[in-house]
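Student: Could you take one part of this model and go through it closely with me, in a connected way? I would like to follow the reasoning from one step to the next.

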Amino acid sequence: MKFIIKKSMIYLVIISSVLNISCANKNITSNANQPKYSLELIKEDGYAIESNAYIYDGMMRITNGKEGNEKRYGYMDILGKVAIEPIYLNTVSFSEGLAFVKVESEKGYYINKEGDVLIEKVDGESLGVGDLFRSGYAVVYSQAEINGVPDIIVINDKVEVLFS
């Protein structure tokens with residue numbers, strides 16, 4: 001699939017690459033200083049980037065260009081190549097090589113940059129919501145409820161439960 005990357009997108013990729021290398025892969029974003037960019041649709045079933053999208057961990061969230069219940073999310077890499085097709089109901093930015101994606105309204109899992117499912121369940125329970133990994137740890141909410149409240153769990157990148 002072809003798409004158009006505007007000149008300002010190239011600047012963003014270069015700036016992000018330099019920042020990521022010089023800052024040991026720490027995600028640095030600054031709304032005031034980050035260049036504006038856009039990915040324009042060139043046909044009806046093309047891809048789109050939302051105005052609030054940023055590059056995290058070398059990946060940027062994209063959509064299928066549709067609205068409402070038809071809208072789906074995926075990712076492209078910093079070179080503008082679609083890495084993961086927009087098939088998910090919602091997504092969280094990549095961090096430490098993982099991203100949480102929603103596959104149903106109440107269910108999701110973590111994927112890697114190739115789209116492989118790496119973390120689907122924690123303690124045998126499906127995940128409802130997952131946060132960014134930071135220093136090897138993430139907060140997740142399982143679908144299991146305790147007295148009507150989702151179970152909040154802290155996991156590490158080996159899917160070991162540290163707190164529940």
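Tutor: Before we look at any loop, we need to know what counts as a strand: helices (H or I, at least four residues) and strands (E, at least two) are DSSP runs, and they are numbered from the N terminus. Please also keep in mind throughout that this is a predicted model.

The part to look at closely is an open sheet of four strands, in which the order is 3-4-5-6 and the pairing is antiparallel. At its edges lie strand 3, made of residues 55–56, and strand 6, made of residues 82–88, and each of these two pairs on one side only. In general, strands of a sheet are paired through backbone hydrogen bonds, and the pairing can be parallel or antiparallel.

Inside this sheet, strand 4 (residues 59–63) and strand 5 (residues 73–77) run antiparallel and are joined by five bridges. One position that you can find in the structure is Met59, which stands opposite Asp77 in strand 5. On strand 6, the pairing with strand 5 is again antiparallel and extends over three bridges, and here Tyr75 stands opposite Ile84. Strand 5 and strand 6 also form a hairpin with four residues between the strands, where Gly80 takes a positive phi near 90°.

That backbone angle brings us to the loop between strand 3 and strand 4, where Asp57 is found. As a general rule, most residues other than glycine have a negative phi. Asp57 is not a glycine, and yet its phi is positive, at about 55°. Is Asp57 buried or exposed? Since the cut-off for buried is under 20% relative accessible area, Asp57 counts as buried because its relative accessibility is 16%.

It helps to set beside this residue another one from further along the chain. Asp123 is found in the loop between strand 11 (121–122) and strand 12 (125–130), and as a residue other than glycine with a phi near 55°, Asp123 also has a positive value. Asp123, however, has a relative accessibility of 63%, and therefore counts as exposed.

Let us finish with the aromatic side chains elsewhere in the model, which holds three aromatic pairs. One of them is formed by Phe100 and Tyr110, which meet edge-to-face, at 5.4 Å centre to centre and with 70° between the planes. This pair links distant parts of the chain, as Phe100 is in strand 8 (residues 99–104) and Tyr110 in strand 9 (residues 107–111), 10 residues apart. Phe100 counts as buried because its relative accessibility is 4%, and Tyr110 is buried too, with a relative accessible area of 1%. Tyr110 also forms an edge-to-face pair with Phe133, at 5.1 Å centre to centre and with 70° between the planes. Because Tyr110 lies in strand 9 and Phe133 in the loop between strand 12 and strand 13, this pair ties together parts that are 23 residues apart in sequence. Phe133 is buried, as Tyr110 is, and Phe100, Tyr110 and Phe133 form one aromatic cluster.

Key. Residues are numbered from 1 along each chain as its sequence is written. This is a predicted model: local features need pLDDT of at least 70, side-chain atom pairs count only at pLDDT 80 or more; totals for chains, interfaces and linings use all residues. Side-chain values use heavy atoms; hydrogens and water are left out. Two strands pair if DSSP finds at least two bridges between them. Buried means under 20% relative accessible area, exposed over 50%, partly exposed in between (1.4 Å probe, protein chains only). Rings of Phe, Tyr and Trp (its six-membered ring) pair if their centres lie within 6.5 Å; planes under 30 degrees apart count as stacked, over 60 as edge-to-face and the rest as tilted.
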